[in-house]
Amino acid sequence: MGMRLWAIVRKEFVQLKRDRRSLAMLIFLPVLWLVAFGYAVNFDVEELDVALVDEANNEASHAVREHLQDNSHFHMTDHTWNRNEAEEVLKNGEVALAVIIPEGYEWLSGDSGEENQPHILVDGSQLFSAQSAVRYFQEVWGEIQQERIEEIREDMQQSFTETDGELRLDLTDLPQFEELASVIPPEQLPAFRENFQSGLQDQIQQQLEKHADQVMEGFPDMSSVQPEVDVLYNPDMKTIHFMIPGLVGLVLIFITTLMTALGIVKERERGTLEQLVVSPLSSFELMLGKVLPYVVIALVDFLIVFAVGIWLFDVPFKGNFLPYFAVSLTFLVCSLGVGLLVSTVSNTQQQAMQLAIFTLVPQFILSGFVFPLEAMPWGVRWIAYLMPLTYYVPISRGVFLKGADIMAYVQPVLILSVFAVLLLVVATLRFRRELG
């Protein structure tokens, strides 16, 4: 039995050695996933772009600016913004939050009304960036409050002499003490001095404590000077609103890449592809006929996910559908190109499946679909910029949640178009060569 078992094991290893492509995938794919997950699985965005609108332009607003600049999590732009510009760049995704300091703002201006308090606008369509932005700004605001309170305490204590933590008074400067000391017998003077000092010190301390209580009673309630935080485009910060727009792209790329790659390789394994080659069909007609069914299926899946996301999960769609559909079709062509390319370098369905997963998993991890792209180190982030899903996800979220115009995403749309043309041309040339 041992020899027979060893023979089977040896045969499997020989087959794996011959299939070097599958062997390489089995060894390097787990390493790739580990590295990708290790660097990409991070929900905390460490650096955020901020647009500051300073309408007050006074000492208090300048202090807010300085604290934001000193914080390592915020990157302040040099541009002088107004409210409309700040809201526009926030909508276009150029900044993560906008800090608006209104005219008339003063530190501890709790009695001046809410309209004079700072107003924070956060892009809720980027869920994890929004959460990080709110948390970091609260830290900055806490530092500002603490600094101001310390300044007030220092001002209150500036006129007193502090020794060993207790307030002391120099009695030699008091004329009342000199008058009393002149009629006190010399032998009683040390005891009188001590009693006078102690009694007067107690009275001063009691008055200071009473005065401190009065000051604290008149001190503005800290809750009245908290900035107003307004989360735009996803006010409740619902995860489903964040996920569904990206899931549309994920469904498209999974369906088209996997089905196209497996469908063509399946024909080759069965030997029916050679029969189609000798038919009157041209190579272009053959390729088009093979991929069109998957295009139709992918478009149906796209519409299903789109409709279910809106009607079942109440995800708002605020944009224009036709331009969004056109961009989705461009992204679909990119996915088809990847699937065709995988099919041309695969000899078996197993290889096609492995290569397809090899291209799909990094897009799931690194595209920003789940893990924020801004939280990834540059050594990993550049890989994300080589993947079509990285450009489709922000477009989909912007159109869904913000109602953004497609023209606000000219660069990602152009990159997707280049990807579509390049992948389709390379895949077509390789497909024709395989047929030849």
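User: Which residue in β2 does L48 stand opposite?

Analyst: In this predicted model, L48 faces F74 of β2.

User: What makes β1 and β2 a pair?

Analyst: Two strands count as paired if DSSP finds at least two bridges between them. β1 (residues 48-54) and β2 have three bridges, in the parallel sense, so they qualify as a pair.

User: Why are β2 and β7 said to stand at the edges?

Analyst: Happy to explain! The strand order is β2-β1-β3-β4-β7, in an open sheet of five strands with mixed pairing. β2 (74-76) and β7 (228-232) each have a single partner strand, so one side of each is left without a neighbour in the sheet. From one strand to the next, the twist averages 25 degrees.

User: How do you know that α3 packs on the sheet?

Analyst: Contact means heavy atoms within 4.5 Å. Helix α3 (residues 59-70) touches β1, β2 and β3 (97-101), and its direction makes about 170 degrees with that of β1.

User: What makes the space lined by L97, I120, V122, A133, V134, F137 and V229 a cavity?

Analyst: Good one! A cavity is a set of points where a 1.4 Å probe fits but cannot get out. The search of the whole structure finds one cavity of 30 Å³ or more, and about 30 Å³ of space lies in the largest cavity.

User: Which element gives the largest share of that lining, and which classes of residue make up the lining?

Analyst: α5 gives the largest share, three residues. Counted by class, the lining has seven nonpolar residues, with no polar and no charged ones.

Notes: Residues numbered from 1 in each chain as written. Predicted model: local features only at pLDDT ≥ 70, side-chain atom pairs only at ≥ 80, totals over all residues. Heavy atoms only, no water. 1 Å grid on protein atoms, 1.4 Å probe; cavity = no way out; pocket = protein on both sides within 12 Å on 5 of 7 lines; lining within 4 Å. Points joined across faces, edges and corners; volume = space filled by probe spheres on them. Helix = DSSP H or I, 4+ residues; strand = E, 2+ residues; numbered from the N terminus. Nonpolar A, V, L, I, M, F, W, Y, C, P; charged D, E, K, R; others polar. Axes fitted to C-alpha atoms, helices over the stretch in contact; angles between N-to-C directions.
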